[in-house]
Amino acid sequence: MRQEKIADIVKESIHYRDSEQYDLYAYCIMPNHVHLVFKHLMKNRESTYREAPLREKPDEKYPITKILKELKSYTAVKANKILQRSGKFWHNESYDRVIRNSDELQNTVAYP
């Protein structure tokens, strides 16, 4: 994401989902990863959690996992096109954590 065009793709994808899948609080696009702070919107959570069949994929149970998977998939295709390459763009794992109160939210957003 050192290239401005690729960082712009990530930025636009983050903003595209704002107010639809989550309320965006903050983000920071780093050269090799992204920090993203948002509140998942309850309307999507209700539809995702409603009487899920036993055969569902693991990411379908957890709306945040699904959101990140979609974001990473879309941006990977666009970034690889610019880089004229194919294959993995993002690592498989993400580090997710729950922010439990306003003090923790402020500390997370202000993290250097």
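**Notebook: loops, core and pockets**

I began with Gln84, which I found in the loop between α4 and α5; helices (H or I, at least four residues) and strands (E, at least two) are DSSP runs numbered from the N terminus. The model is a predicted one, in which local features need pLDDT of at least 70 and side-chain atom pairs count only at pLDDT 80 or more, whereas totals for chains, interfaces and linings use all residues. Residues are numbered from 1 along each chain as its sequence is written, and side-chain values use heavy atoms, with hydrogens and water left out.

**Backbone entries**

I looked up phi for Gln84 and noted a positive value of about 55 degrees, although the residue is not a glycine. Gln84 counts as exposed because its relative accessibility is 74%; the scale, computed with a 1.4 Å probe on protein chains only, calls a residue buried under 20% relative accessible area, exposed over 50% and partly exposed in between. I noted another positive phi outside glycine at Ser19, near 75 degrees. Ser19 sits in the loop between α1 and β1, and its relative accessible area of 45% makes it partly exposed.

**Fold entries**

I counted five helices and two strands in the chain, and reading along the sequence I obtained the pattern α-β-β-α-α-α-α. Of the 112 residues in the chain, 26% are buried. I then turned to contacts (heavy atoms within 4.5 Å), and among those between residues at least 6 apart in sequence, 41% join residues at least 24 apart.

**Core entries**

Which residues make up the largest nonpolar core? I listed 12: Met1, Ile6, Val10, Ile14, Tyr22, Leu24, Phe38, Ile67, Leu71, Ala76, Ala79 and Trp90. Such a core is a set of buried Ala, Val, Leu, Ile, Met, Phe, Trp, Tyr and Cys residues joined through side-chain atoms within 4.5 Å. At least two residues of this core come from each of α1 (4–17), β1 (22–29) and α4 (63–83), and α4 gives the largest share, four residues. As background, I recall that nonpolar side chains tend to be buried together in soluble globular proteins.

I followed one core member, Leu24, and found that, apart from neighbours within four places in sequence, Leu24 is in contact with Ile14, His15, Asp18, Leu36, Val37 and Phe38. Another core member, Trp90, counts as buried because its relative accessibility is 16%. I noted two aromatic pairs in the structure. In one of them, the ring centres of Phe89 and Trp90 lie 5.3 Å apart and the ring planes stand at 85 degrees, so the pair is edge-to-face; rings of Phe, Tyr and Trp (its six-membered ring) pair if their centres lie within 6.5 Å, with planes under 30 degrees apart counted as stacked, over 60 as edge-to-face and the rest as tilted.

**Helix α1 and α4 entries**

Is Ser13, in helix α1, buried or exposed? I noted Ser13 as buried, because its relative accessibility is 3%, and, not counting residues up to four places away in sequence, it touches Tyr22, Leu71, Tyr74 and Thr75. Glu12 also lies in helix α1 but counts as exposed at 53% relative accessibility. Glu12 and Thr75 are 63 residues apart in sequence, yet I read 9.4 Å between them, C-alpha to C-alpha. On helix α4 I checked Ser73, which is partly exposed with a relative accessible area of 42%; from C-alpha to C-alpha, Ser73 and Phe89 are 8.8 Å apart in space and 16 residues apart in sequence.

**Pocket entries**

I searched for pockets on a 1 Å grid over the protein atoms alone, where a pocket is an open set of points that fit a 1.4 Å probe, with protein on both sides within 12 Å along at least five of seven lines, and lining residues have an atom within 4 Å of a point. The largest pocket has a volume of about 1,400 Å³, a volume being the space filled by probe spheres set on grid points joined across faces, edges and corners. I found 37 residues lining the largest pocket, with His35, Leu36, Val37, Tyr95 and Asp96 closest to its centre. Two or more lining residues come from each of β1, β2 (34–40), α4 and α5 (102–110), and β2 provides the largest share of this lining, seven residues. By class, I tallied 24 nonpolar, seven polar and six charged residues in this lining, with Ala, Val, Leu, Ile, Met, Phe, Trp, Tyr, Cys and Pro as nonpolar, Asp, Glu, Lys and Arg as charged, and the others, Gly among them, as polar.

The second largest pocket holds about 260 Å³ of space. Its lining has 13 residues, of which Leu68, Lys69, Lys72, His91 and Asn92 lie nearest the centre, and by class I noted four nonpolar, five polar and four charged residues there.
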